[in-house]
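Here are my notes on this one, point by point. Have the model open while you read.

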Amino acid sequence: MNKGRFLAVLLGGATVLLIAVGTLWPSKSAAVYAGTEGFLQSASTPEAAVRNLGEELRQGAWQKAYDSLANKAQFSEQQFLYDLMGFYPNLRTYATVDKYDIRPLRASSSDAEVQLKLYWSTVVGDSPSTRDLRVVQNGDMWQPVWPIEKQPVLPPQVIPVNYLRWDVIYRGAGDDWAAQDVETPHVRIVDMHPVERADGVVILGELLNEDVVPAAVAVNATLISKKDQSPIATEGSFDKISHLLLPKQVTPFLITFPNVSLGDVGSIRMTPFSNLISASADPVIEIEDEHLSPAPDASVSGQLTNQSGQIVNVAHVLGTFYDKSGNVVWVADQYIDRALLPQTPVPFDIRIPEDLARKVSTERTVVATYVSGVARG
């Protein structure tokens with residue numbers, strides 16, 4: 001009995017001691033997870049305030065993020081969300097913040113400027129966005145000032161449209177057209193060559209719709225072994241291609257074979273695919289102020305302007321880069337993660353690998369669009 005009482009007293013004393021230790025020296029496992037450091041911090045510095053904001057956005061804690069802003073009285077929480085993810089459906093509508101970086105830019109005793117870079121995880125990969133935040137001191141804590149971006153308000157207007165449209169009528173169950181549907185469009189690979197990169201083999205090229213009807217297209221490539229003529233791997237073009245081609249249109253394509261050496265490849269078997277599809281030449285996306293910047297920060301940049309009267313939910317910009325002989329040097333792309341509103345310019349910037357940029361002489365840019373459940377080239 002005495003031993004039992006002694007054990008109970010010992011356990012009770014140990015519990016009190018552990019509670020005291022946990023209170024005086026709390027472990028990081030008891031804190032809230034956050035960002036690079038892994039835990040939310042007291043907003044006692046400008047960097048900590050912005051780091052906490054980044055973590056709240058990463059967690060999807062929109063109200064907490066909104067409540068932490070110094071200038072929240074200037075806009076509603078809903079306007080804050082529209083500024084982050086857009087009012088109309090787009091790539092960010094179902095995206096989440098995967099990670100974030102912060103970088104101090106300047107500081108004084110009463111305010112500072114800190115850059116917050118958010119990496120949105122979308123269905124087509126990471127989509128980074130950067131905001132330079134002013135951070136102000138409020139008592140013993142710091143609060144970010146959110147630089148909300150005002151969207152232009154377009155006046156009510158009528159936009160006339162005059163564009164080509166192709167509709168497809170297929171043979172129905174009760175029809176007999178000699179059991180023959182409309183023929184698939186004729187497409188042809190007009191350029192193709194492999195390039196070896198650090199992460200594997202890349203197949204570059206261009207595909208032409210040489211028919212008079214629109215086509216939904218794709219390209220597969222199979223690498224054949226030099227040693228025994230057996231297939232090494234087969235890959236297809238997924239996002240580095242415009243999948244809808246109107247008559248006589250050309251799209252670039254890029255197919256990647258990770259962890260493959262070009263020295264092991266004896267030949268390449270290319271297979272283009274096409275299907276007839278209903279399509280129209282609207283919406284018209286105009287590329288303005290296009291500029292090719294040389295190495296070392298090589299890129300092609302410009303603005304996209306939606307000339308139609310409908311909302312373009314996703315725009316995919318594809319850049320094809322050529323050498324002096326007209327051969328394809330590289331194919332790069334950028335998805336615009338905001339909806340394109342009518343008559344509202346949106347910037348784009350496609351980066352070119354520095355080692356290839358010095359070979360680039362000319363470039364061509366095309367835009368594929370996705371509107372209300374319909375993909376359009």
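**Notes on the model**

1. Start in the middle of a pairing: Val219 stands opposite Pro272 in E12. That pair belongs to the match between E8 and strand E12 (residues 265-276), where 11 bridges join two antiparallel strands. Strands here are DSSP E runs of at least two residues and helices are H or I runs of at least four, numbered from the N terminus; two strands count as paired if DSSP finds at least two bridges between them.

2. Some ground rules before going further. This is a predicted model, with residues numbered from 1 along each chain as its sequence is written. Local features need pLDDT of at least 70, side-chain atom pairs count only at pLDDT 80 or more, totals for chains, interfaces and linings use all residues, and side-chain values use heavy atoms, with hydrogens and water left out.

3. What else does E8 pair with? Strand E10 (residues 244-245) is joined to E8 by 2 bridges, again antiparallel, and Ala215 stands opposite Leu245 there. Strand E9 (residues 231-236) is also antiparallel to E8, with 5 bridges; Leu223 has Ala233 as its bridge partner in E9.

4. The E8 and E9 hairpin has 5 residues between its strands, and Gln229 takes a positive phi near 65 degrees in it. As for E8 itself (residues 215-225), 8 of its 11 residues are buried, so the strand is largely enclosed by the rest of the structure. Buried means under 20% relative accessible area, exposed means over 50%, and partly exposed is in between (1.4 Å probe, protein chains only).

5. Now the open sheet: 4 strands in the order E1-E2-E3-E4, with antiparallel pairing. Why do E1 (96-107) and E4 (141-145) each have a side without a neighbour in the sheet? Both stand at the edges, each with a single partner strand, so one side is left free of a neighbour. Neighbouring strands in this sheet are turned by 30 degrees against each other on average, direction ignored.

6. Within that sheet, E1 and E2 (residues 111-122) pair over 10 bridges in the antiparallel sense, and Thr96 stands opposite Ser121 in E2. Helix H2 (residues 46-58) lies across E1, E2, E3 (125-138) and E4, running at about 165 degrees to E1. For the angles, axes are lines fitted to C-alpha atoms (for helices over the stretch in contact), and values run from 0 to 180 degrees between N-to-C directions; contact means heavy atoms within 4.5 Å.

7. Have a look at Phe87, in the loop between helix H4 (77-85) and E1. Phe87 is exposed, with a relative accessible area of 53%.

8. Two cis peptide bonds to check by eye. One runs from Asp282 to Pro283, with omega near 10 degrees, and Pro283 sits in the loop between E13 (279-280) and E14 (285-293). Another joins Ala295 and Pro296 with omega about 15 degrees; Pro296 is in the loop between E14 and E15 (299-306).

9. Then the backbone at Lys248, which is not a glycine but has a positive phi of about 70 degrees. Lys248 is in the loop between E10 and E11 (250-258) and counts as exposed at 53% relative accessibility.

10. Gln343 is another non-glycine with a positive phi, near 60 degrees. Its place is the loop between E17 (328-336) and E18 (346-351). Buried, exposed or partly exposed? At 32% relative accessibility, Gln343 counts as partly exposed.
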